[in-house]
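Reader: Hi! Could you walk me through this structure, a bit at a time?

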Amino acid sequence: MIKEKLYIFDTTLRDGAQTQGVDFSIDDKEKISAALDSLGVDYIEGGWPGANPTDTEFFNKKHDFKNSKLVAFGMTKKTGHSAENDPMLSSLLNSKSSSICLFGKSWDFHVDIALGITNEQNLENISDSAKHIIKSSKEFMFDAEHFFDGYKSNSKYALSCIKAAFNEGARWIILCDTNGGTLPDEISEIVKEVTKHIPGKNLGIHAHNDTENAVANTLAAVSAGVRQVQGTINGLGERCGNANLMSLIPTFFLKKDFASKFEMGVKN
Ligand SMILES: [Zn+2]
């Protein structure tokens, strides 16, 4: 049986850096990213170039990773100017990253309350940002923030947000359980519905651990079809942390349901 590739995306240096008491220096970032590369993770999210001096310096350096692609993180363009004139997108494009991951809203409630823009303007911000990044030939991923809560409240709109990025050519659409409040059966049900619109080989899962279900939710999402797994070393992350890659990776190696179906860049 030919095994499918399961992609591992490490966000220790970005989401993990939100952990209370954690403050990575440039030297820490160099050492951790080198270790992640030798482990064989597919993607290393190094931070947000332009957001602070450490991340900017880290992304100004050339990294010769053997196994991993370096990912720069940021947000979709703001309403009121074009993607071409968005300074934040420019700093991501100018960084020495091979991939760019932009987060954006997929819950209509947040589009209204947090951004104060229309649903259509939000869709335009997503598709214009996607188009602009993809034109640059960097690999593009879209982090759909609060996707599961958004889907439960307005599934049609949540789906239109991820399709706005996918239809422009996004390599990955990441379904985020940003508050960590979704349970495994709901994750499974919603991911199965999403795969009717976007193939699982283009979907990722980003789970927070507020109900202690981040690992369970990630496994449920993989079983339901996603092929990229996001997490951090030892589950570092803000509040209760992110999905713990140190639990997930051994599970993918040792448990037959996963080991018989998938191979990873990480080798044992
Ligand atoms: Zn997160």
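**Cysteines, helix α1 and salt bridges**

Author: Happy to. Let me begin with a cysteine: Cys-101 is buried, with a relative accessible area of 0%. Buried means under 20% relative accessible area, exposed means over 50%, and partly exposed is in between (1.4 Å probe, protein chains only).

Reader: Before we go on, what kind of model is this?

Author: This is a predicted model, in which local features need pLDDT of at least 70 and side-chain atom pairs count only at pLDDT 80 or more, while totals for chains, interfaces and linings use all residues. Residues are numbered from 1 along each chain as its sequence is written, and side-chain values use heavy atoms, with hydrogens and water left out.

Reader: Thanks. How many disulfides are there?

Author: The count comes to zero, taking a disulfide as a pair of cysteine sulfur atoms within 2.5 Å. Cys-101 is in no disulfide, and the nearest cysteine sulfur, that of Cys-176, is 7.4 Å away.

Reader: And what about Cys-161?

Author: The closest cysteine sulfur to that of Cys-161 is in Cys-176, at 12 Å, which is too far for a bond. Cys-161 counts as buried, at 0% relative accessibility.

Reader: New topic: helix α1. How far apart are its end C-alpha atoms?

Author: They are 20 Å apart, which agrees with the 20 Å that the 14 residues of α1 (residues 26–39) should span at 1.5 Å a residue. The expected span is 1.5 Å times one less than the number of residues. Helices (H or I, at least four residues) and strands (E, at least two) are DSSP runs, numbered from the N terminus.

Reader: Which residues of α1 are buried?

Author: Lys-29, Ser-33, Leu-36 and Asp-37 are. Looking down the axis of α1, its buried residues fall within an arc of 100 degrees, so they line one face of the helix. That arc is taken from the directions from the helix axis to the C-beta atoms.

Reader: Why would residues a few places apart line up like that?

Author: An α-helix has 3.6 residues a turn, so residues three or four places apart point the same way.

Reader: What covers that face, and what's on the other one?

Author: The cover over the buried residues of α1 includes β2 (7–10), β3 (43–47) and α2 (53–60), where contact means heavy atoms within 4.5 Å. The face turned away from the buried side carries the exposed residues Lys-31 and Ser-38. Just after α1, Gly-40 takes a positive phi of about 105 degrees.

Reader: You mentioned β3. Is it mostly covered or open?

Author: Mostly covered: five of its five residues are buried. β2 and β3 pair in the parallel sense over two bridges, and strands pair if DSSP finds at least two bridges between them. Phe-9 stands opposite Tyr-43 in β3.

Reader: Cool. How many salt bridges does the model have?

Author: The count is 15 salt bridges, each being a side-chain nitrogen of Lys or Arg within 4 Å of a carboxyl oxygen of Asp or Glu. One of them joins Glu-45 to Arg-14, with the closest N and O atoms 3.0 Å apart. Glu-45 lies in strand β3 and Arg-14 in the loop between β2 and α1, so this pair ties together parts that are 31 residues apart in sequence.

Reader: Are those two buried or exposed?

Author: Both Glu-45 and Arg-14 are buried. A network of salt bridges links Arg-14, Asp-15 and Glu-45.

Reader: Anything within α1 itself?

Author: Asp-27 forms a salt bridge with Lys-31, the closest N and O atoms being 3.0 Å apart. The two are four residues apart in helix α1, and are separated by about one helical turn. Asp-27 is partly exposed, at 42% relative accessible area, and Lys-31 is exposed, at 56%.

Reader: And which partner does Lys-135 meet?

Author: The side chains of Lys-135 and Glu-84 meet in a salt bridge (3.3 Å, N to O). Lys-135 lies in helix α5 (residues 119–135) and Glu-84 in the loop between β4 (69–75) and α3 (87–94), so the pair ties together parts that are 51 residues apart in sequence. Lys-135 counts as exposed at 62% relative accessibility, while Glu-84 is partly exposed at 44%.

Reader: Last one: what is phi at Ser-137?

Author: Phi of Ser-137 is near 75 degrees, a positive value in a residue other than glycine. Ser-137 is in the loop between α5 and β6 (139–145) and counts as exposed, at 67% relative accessibility.
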